[in-house]
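This report describes how a protein model surrounds its bound ligands and where enclosed empty space remains inside it. Please keep the sequence and the structure in view while reading.

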Amino acid sequence: MEIRITKTTSPKQKPAKGEALGFGHIFTDHMFVMNYTEGKGWHDARIVPYGNISISPSAMVFHYGQEMFEGLKAYRDSKDNVYLFRPDMNAKRTNSTNKRLCIPQLPEEMFVEAVKAVVDIDRDWVPTDSGTSLYIRPFIIATDEFLGVAPSKTYLFMIILSPSGAYYESGLEPVGIWIEDEFVRAVKGGMGFAKTGGNYAASLIAQVKAHDSGYSQVLWLDGVERKYIEEVGAMNIFFKIAGKVVTPMLNGSILPGITRDSIIKVCKSWGYEVEERRISVDELVEAAQNGTLEEVFGTGTAAVVSPVNKLRYEDDVMNIGDGSIGELTQKLYDELTGIQWGEKEDPYGWRVTV
Ligand code: PLP
Ligand code: COI
């Protein structure tokens with residue numbers, strides 16, 4: 001793919017070493033842009049200075065939400081190598097989302113090449129402090145100027161970059177999670193497995209409710225019986241119950257997390273029995289009561305491995321362990337981040353050098 005490059009003439013000030021980055025507030029000097037036109041395919045790949053774009057108020061994305069996004073990170077090791085983590089998986093998930101949203105397929109190698117090219121231009125923005133990385137946000141929006149409900153014939157694919165620290169303000173501190181029993185996020189046949197804005201718009205009301213009640217995240221139940229555990233707002237969920245690692249199976253209504261897949265592989269390689277299956281909220285309440293609910297953690301690109309110490313469901317508040325980070329949770333965090341930051345062996349070949 002030919003990528004036209006226009007470098008900025010006024011580079012921004014980069015965050016200072018040691019400066020708290022937060023998540024998703026700061027953007028780098030450049031961005032990747034490419035167009036799609038029916039009949040012509042994807043064309044005009046370019047890297048340009050980061051900045052506002054001009055699009056029509058009638059662009060379809062504003063009206064019916066035909067859009068998708070991805071999330072991955074670039075990590076810097078102590079020798080200044082820059083790595084991506086399993087970008088081929090994000091490329092594959094892009095196309096599974098695109099298919100559901102009637103957005104044209106994007107060749108996987110084009111996706112990975114575009115990510116590598118824009119990260120390479122802004123590689124000095126990959127932060128060095130421990131626990132920090134460059135969050136990469138690829139996204140596609142429908143740009144036809146039309147108010148009828150139909151798939152657009154033109155699209156814009158963009159990639160923006162944001163040096164970031166921990167997703168949750170609490171960092172690796174365990175968080176309390178609200179099991180939502182009123183609103184649902186997705187149903188089978190809907191778009192739960194796809195990474196598209198509408199799923200997140202639908203989640204906001206419950207997130208506000210959970211925050212107002214002192215919980216930092218929402219854990220969704222299935223949309224039909226409101227009985228089975230699905231996933232958290234921005235992460236998949238894992239339980240350690242009586243020594244086994246248990247996580248909801250991929251059923252079409254939860255996001256097939258790349259971190260989830262990686263954690264399952266690591267747990268299996270360590271000899272843990274891993275069950276991907278339906279988990280009812282009643283089973284969790286019972287396990288909490290009889291003392292077999294040993295650990296709970298979420299997994300995601302932004303959230304990494306995030307310990308949970310409290311689950312609220314209706315009138316029950318389940319306290320997990322002694323409230324501190326579980327042993328397996330900590331070990332998984334260390335293993336995964338060790339691989340991502342180039343500090344540990346990468347037996348799975350997950351790191352991709354930029
Ligand atoms: N579930 C939801 C709803 C998410 O937004 C995310 C974040 O991307 C995940 C799960 C975890 O997916 P991944 O591990 O691929 O980042
Ligand atoms: C990610 O982990 O990459 C995500 O996309 C989560 C996001 C909703 C902040």
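In this predicted model, the shell around ligand 2 consists, by class, of seven nonpolar, two polar and two charged residues. The residues that make up this shell are F23, F69, G71, Y135, R137, Y167, K195, Y200, A234, T301 and A302. Both domains take part: domain 1 (4-165) and domain 2 (175-343) each supply at least three residues to the shell around ligand 2.

Polar contacts can be listed for each ligand. For ligand 2, an oxygen atom is paired with a polar side-chain atom of Y135, with a polar backbone atom of T301 and with a polar backbone atom of A302. On its own, ligand 2 has 280 Å² of accessible area, and the protein covers 89% of that area. The space that ligand 2 takes is the largest pocket.

Ligand 1 is surrounded by 17 residues, and the closest of them are K195, Y200, E231, T259 and T301. Of these, K195, Y200 and T301 are also listed around ligand 2. An N or O atom in the side chain of R93 is paired with an oxygen atom of ligand 1, whereas the side chain of E231 offers an N or O atom to a nitrogen atom of ligand 1. I258 takes part through a backbone N or O atom, which lies by an oxygen atom of ligand 1. The protein covers 96% of the 390 Å² of accessible area that ligand 1 has on its own. The space taken by ligand 1 is likewise the largest pocket.

The distances of these contacts are as follows.

| Ligand | Ligand atom | Residue and part | Distance |
|---|---|---|---|
| Ligand 2 | oxygen | Y135, side chain | 2.6 Å |
| Ligand 2 | oxygen | T301, backbone | 3.5 Å |
| Ligand 2 | oxygen | A302, backbone | 2.8 Å |
| Ligand 1 | oxygen | R93, side chain | 2.7 Å |
| Ligand 1 | nitrogen | E231, side chain | 2.5 Å |
| Ligand 1 | oxygen | I258, backbone | 2.7 Å |

Attention now turns to enclosed space. Rolling a probe the size of a water molecule over the atoms shows where empty space is left. How many cavities of 30 Å³ or more does a search of the whole structure find? The search finds three. The largest cavity has a volume of about 80 Å³. Its lining is formed by G71, L72, K73, Y75, F85, N90, I258, T259, T301 and Q340. Among these lining residues, G71 and T301 also belong to the surroundings of ligand 2, while T259 and T301 are among the closest residues to ligand 1.

Key: Residues are numbered from 1 along each chain as its sequence is written. Chains are lettered from A and ligands numbered from 1 in the order in which they are written. This is a predicted model: local features need pLDDT of at least 70, side-chain atom pairs count only at pLDDT 80 or more; totals for chains, interfaces and linings use all residues. Side-chain values use heavy atoms; hydrogens and water are left out. A residue is near a molecule or strand if one of its heavy atoms lies within 4 Å of it. A polar contact is a pair of N or O atoms within 3.5 Å; within protein, one must be able to donate a hydrogen and the other to accept it, and residues adjacent in sequence count only if both atoms are side-chain atoms. Accessible areas come from the Shrake-Rupley method with a 1.4 Å probe; for residues, only the protein chains shown count as cover. On a 1 Å grid over the protein atoms alone, a cavity is a set of points where a 1.4 Å probe fits but cannot get out, and a pocket is an open set with protein on both sides within 12 Å along at least five of seven lines; lining residues have an atom within 4 Å of a point. A molecule sits in a cavity or pocket if more than half of its atoms lie within 2 Å of its grid points. Ala, Val, Leu, Ile, Met, Phe, Trp, Tyr, Cys and Pro count as nonpolar, Asp, Glu, Lys and Arg as charged, and the others, Gly among them, as polar. Domain bounds come from an automatic or database domain assignment. Grid points are joined across faces, edges and corners, and a volume is the space filled by probe spheres set on the points.
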